[in-house]
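Visitor: I would like to go through this model and ask what stands behind the terms used for it. Please start once the structure is on display.

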Amino acid sequence: MSTFTQQIKAEALKAYEGNPCCGLAFLSASLHTAGTLNFSDKGMVFSLSTESEECFSFIRALLKNMGAETVERPPRKGRRRRLFTFTMNAADTRAVLREVGILTEGEEGLGLNPGVDPYLIENDCCLKNYVLGAFCGCGYAFLPQGRGGSAHIEFVLKSGVLAGQLAAILAGFGVSARLTARGESAVLYIKDSRSVSDLLALLGASRAVLKFSEVLVYKEASNSVNRRNNCMLANMDKSFDAAIRQIEAIRALEEAGALSALPETLQEAVRLRKEFPSEGLEELAARAGISKSGMNHRMRKLSELAARLPGQNKG
C-alpha cells in the first residue's frame, strides 16, 4: 500500500507541466537531493535511489531525453520497502551534472556546487518545478491517523546551503519552513497547516490537498462530537467528494485537449477549482462574483462535458 508521500509524488508527476528549462530545474533538484557521487578507477559514478517508482521512472525519462544512459540495479534483499536505484557512467555523469549546475569546472579543476544554480531558476515555472524535484528527491509528508501527532512535510537534505536556499524559494511562494539539524542532515520542517496546503497545491497534488484538509477538519471536530458537528462533517464529506469529482472532470477535459474550446465562464471555473482545490462552491462563487447556484451550474456543466468524452464511463 502506498504511503501519503508516494501518493503525492505520483499525483504531482501525473499533473506535471513544464518546458525544457523546467525539466533541467527538476533534474537539478532531484539529482542533488537523492543522488550520490562516487569516485572509482573508472572515474565518477553517479547513483540515485528512491522509494517512489513514479519519481524513478520520471527522472530516468528526463535523463534519457538528455542522451544519458542509466542502468537499473536490482533491489536489495531484506528491505521492508523496495528501493529503486539506477547508476550512470562517468561520461554521462560529468555531462549531466554540469548541465544541471551541480558540477563545476574551473582553473582549479572539478568542483561541486553546494547550492542552487541561479541560472536554472530564473523563471517562476522553473522555481515551481525545482521545488517539485526537491520533494521527489528528499520530501516526506506525514498524515497522522487518529488523534496523535500532527500533519507536516519535511525536506531532508545533505547540504545546509541548499536547505537555506530552498527555504527562501518556498518563502517566495508563501510557504513557511523552519530549518533544523538532524544528525548530519539539514531538515526543512513545514508544520503550519496553510503552508502545508499551499505547498501541496504548488506541487500540483489537488487530491492530497483535499485529503489533508479533511484530516484537519476531523481532528478539530473530534473533541466535540454532537449532532451539529456530525451534520457539519457530513456536509464537508459531500463537499470534498464533489470537489474531487470536479477535479477529475477537469483533468479528463485537460487530457483530451478540450479546455481551450470551453466558454470563458467555464474556463474561469476551471482556473478557480485548480487554484483553490479545497474551497467550497460558495467561496469559489465569491471569487468569481457570481451566486453559489451559478458556480454549481458551471461545475455541473464541466462534469457533463467530461462524461461525454470518448472512453468515459457513462454508467
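Guide: This is a predicted model. One open sheet in it consists of 4 strands in the order S7-S8-S10-S9, with antiparallel pairing.

Visitor: What makes S7 and S9 edge strands?

Guide: Strand S7 (139–142) and strand S9 (178–182) each pair on one side only. Neighbouring strands of this sheet are turned by 25° against each other on average, direction ignored.

Visitor: How do you know that S9 and S10 pair?

Guide: Two strands pair if there are at least two bridges between them. S9 and strand S10 (residues 185–190) have 5 bridges, in the antiparallel sense, so they count as paired. As for a single bridge, arginine 178 has tyrosine 189 in S10 as its partner.

Visitor: Which helices pack on the sheet?

Guide: Helix H5 (residues 124–138) does, touching S7 and strand S8 (152–157), and its direction makes about 80° with that of S8. Helix H6 (residues 160–172) also packs there, in touch with S8, S9 and S10; its direction makes about 15° with that of S10.

Visitor: Why is glutamine 246 called buried?

Guide: The relative accessible area of glutamine 246 is 9%. Buried means under 20%, so glutamine 246 is buried. Its place is in helix H9 (residues 227–255).

Visitor: What does glutamine 246 touch, leaving out residues up to four places away in sequence?

Guide: Glutamine 246 touches Arg273, Leu281 and Met299.

Visitor: How many of the residues in the chain are buried?

Guide: Buried residues are 43% of the 315 in the chain.

Technical notes:
Residues numbered from 1 in each chain as written. Predicted model: local features only at pLDDT ≥ 70, side-chain atom pairs only at ≥ 80, totals over all residues. Heavy atoms only, no water. Buried < 20%, exposed > 50% of the residue type's maximum accessible area, 1.4 Å probe, protein only. Helix = DSSP H or I, 4+ residues; strand = E, 2+ residues; numbered from the N terminus. Contact = heavy atoms within 4.5 Å. Axes fitted to C-alpha atoms, helices over the stretch in contact; angles between N-to-C directions.
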